[in-house]
Amino acid sequence: MTYFDQTIHRVGFACKYMHPDRTLSKKLLEDIERPINGRTTTVKWLSSQPKRRAEERLWELTKSNINSVRLLIKYVATLPPNQRMVRIGSEVMPVYTHPDWSYFYQQPDVKTYCERTLAAIGDLAREHDVRVSMHPGQFCVLASDNPDTVNNSIDEFEYHIDIARMMGYGQKFMDMKVNVHIGGRGGPDGIRAVLPRLSTEARNCLTIENDEMSWGLDASLELANDVALVLDIHHHLIRDEEYIQANDDRFKRVIDSWRGVRPTIHYSVSREDLLVGHDPNVLPDMKQLLESGYKKAKLRAHSDMMWNHASNDWALTFLPYSDIMVESKFKNLASTKLVEHYERQIKAAV
DNA sequence: GAGGGTCAAGTCCGT
DNA sequence: ACGGACTTGACCCTC
């Protein structure tokens with residue numbers, strides 16, 4: 001087992017808190033979890049309401065969601081230093097980029113409220129050394145071949161950057177990562193073309209992640225001199241059917257793209273209910289699974305927990321070089337259990 | 001209170 | 001060409 005520094009090597013989770021005691025009633029769990037997790041609405045519902053009522057709703061959601069970010073970071077701050085990393089969900093300010101509703105957030109009282117509260121939350125994160133990030137969703141396609149989609153995607157990306165900026169991030173290269181996939185048919189050139197149109201803060205935060213279907217690691221490596229790269233080791237496994245190694249030259253180039261800042265990689269594993277009966281001590285063999293009829297579309301879906309020890313051992317070989325964002329359905333429960341399992345292994349080995 | 005229908009946006013795969 | 005998956009629930013509404 002390799003050297004392990006509690007204060008440097010982080011494992012985090014994404015967007016949502018789950019209470020550890022799952023034996024509690026559904027209602028009680030909801031009461032506990034609800035304030036910590038984001039809520040949202042739909043354009044359709046908002047536009048069906050009188051303007052006044054819709055605005056009230058947006059106010060309520062915005063206040064609730066900003067407070068939920070605060071509570072989430074407060075929770076992460078109670079974790080050991082090696083688990084102080086979390087992704088903030090995108091629903092903080094619902095419909096922020098929708099043409100009918102973006103005005104709402106430009107109103108001075110709303111804007112001031114968001115700036116003031118998010119600044120304090122950024123301070124809280126820095127005070128407790130919580131590493132934060134964001135990840136715009138599937139509709140943010142900066143490299144689309146449709147100019148309208150690119151325009152909308154820039155707005156959507158800059159929305160995330162507004163949050164980062166209000167929290168006090170974006171001033172230095174990669175003080176916060178806001179991660180997207182290449183996504184569109186424009187590929188790496190499409191991403192490069194859009195860079196001059198982004199704010200300085202956006203360029204400081206943008207990371208590009210390799211996709212599990214279309215644009216893989218080789219494509220994102222073309223951007224190594226332009227942006228920081230996020231290696232998703234499971235995506236690479238799905239797409240290229242390869243367990244990339246931590247000493248691989250391609251990973252070295254990923255590390256270099258962060259220009260001295262400690263990178264983050266993404267790690268997930270195929271669903272446990274898809275690979276029923278699979279030995280948790282054996283690495284899933286992609287080629288074999290595909291030959292026996294499993295589809296990539298199914299294999300890409302995230303598991304509840306990090307159930308495969310062999311896969312975890314592989315993922316954790318990256319930890320000396322980068323933080324690991326665990327992507328799983330059971331969120332903090334999966335990442336915490338993974339860390340605790342790893343630490344027990346280290347203790348046993350000493 | 002439970003259950004069913006619905007939701008801004010893009011892209012890919014399979015038929 | 002088109003539907004469904006991905007994401008992926010969460011929410012509203014009706015009963």
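How far is a phosphate oxygen of DNA strand B from a polar backbone atom of Val43? In this predicted model, the distance is 2.8 Å. Ser144 also approaches the backbone of the DNA: a polar atom of its side chain lies 2.8 Å from a phosphate oxygen of DNA strand B. Thr97 is paired with a base instead. An N or O atom in the Thr97 side chain is 3.4 Å from a base nitrogen of DNA strand B. Two elements give two or more residues to the surface near this strand, helix 2 (43-47) and helix 6 (147-166).

The whole surroundings of DNA strand B comprise 15 residues. The closest are Val43, Lys44, Phe139, Ser144 and Arg185. Of the strand atoms that come within 4 Å of the protein, 58% belong to sugar and phosphate. Sorted by class, the protein surface here holds eight polar, four nonpolar and three charged residues.

DNA strand C has its own set of neighbours. Lys16, Arg34, Arg39, Thr40, Trp45, Arg57, Gln138, Ala297, Arg300, Ala301 and Lys329 surround it. Six of the residues on this surface are charged, three are nonpolar and two are polar. Sugar or phosphate supplies 85% of the atoms of DNA strand C within 4 Å of the protein, and bases supply the rest. Three contacts to phosphate oxygens of this strand can be described. The side chain of Arg57 places an N or O atom 2.8 Å from one phosphate oxygen. For the side chain of Arg34, the corresponding distance is 3.1 Å. Thr40 takes part through a polar backbone atom, 3.4 Å from a phosphate oxygen.

Helix 6 was examined along its length. It has 20 residues, and at 1.5 Å a residue it should span 28 Å. Its end C-alpha atoms are 28 Å apart, so the span agrees with expectation. Asn146 caps the N-terminal end of the helix. A side-chain oxygen of Asn146 lies 2.8 Å from the backbone nitrogen of Asp148. Just after the helix, Gly168 adopts a positive phi of about 90°.

The buried residues of helix 6 are Val150, Ser153, Ile154, Phe157, Glu158, Tyr159, His160, Ile161, Ile163, Ala164 and Met166. Several elements help to cover them. Among these are three helices: helix 5 (108-127), helix 7 (187-194) and helix 8 (200-205). Strand 3 (131-134), strand 4 (177-181) and strand 5 (206-209) are also included.

Phe157 leads on to the protein interior. The largest nonpolar core contains 101 residues, and Phe157, Ile73 and Met93 have the most contacts inside it. Helix 3 (residues 51-78) gives this core its largest share, nine residues. In soluble globular proteins, nonpolar side chains tend to be buried together. Ile73 touches Ile88, Ile121, Leu124, Ala125, Val130, Val132 and Met167, with residues up to four places away in sequence not counted.

A polar residue was also found to be buried. Gln83 sits in the loop between helix 3 and strand 2 (85-88). Its relative accessibility is 4%, so Gln83 counts as buried; the cut-off is under 20%. Which residues is Gln83 in contact with, leaving aside its neighbours within four places in sequence? They are Val11, Val76, Thr336 and Val339.

How values were computed. Residues are numbered from 1 along each chain as its sequence is written. Chains are lettered from A and ligands numbered from 1 in the order in which they are written. This is a predicted model: local features need pLDDT of at least 70, side-chain atom pairs count only at pLDDT 80 or more; totals for chains, interfaces and linings use all residues. Side-chain values use heavy atoms; hydrogens and water are left out. A residue is near a molecule or strand if one of its heavy atoms lies within 4 Å of it. A polar contact is a pair of N or O atoms within 3.5 Å; within protein, one must be able to donate a hydrogen and the other to accept it, and residues adjacent in sequence count only if both atoms are side-chain atoms. Helices (H or I, at least four residues) and strands (E, at least two) are DSSP runs, numbered from the N terminus. Ala, Val, Leu, Ile, Met, Phe, Trp, Tyr, Cys and Pro count as nonpolar, Asp, Glu, Lys and Arg as charged, and the others, Gly among them, as polar. A nonpolar core is a set of buried Ala, Val, Leu, Ile, Met, Phe, Trp, Tyr and Cys residues joined through side-chain atoms within 4.5 Å. Buried means under 20% relative accessible area, exposed over 50%, partly exposed in between (1.4 Å probe, protein chains only). Contact means heavy atoms within 4.5 Å. The expected span of a helix is 1.5 Å times one less than its number of residues.
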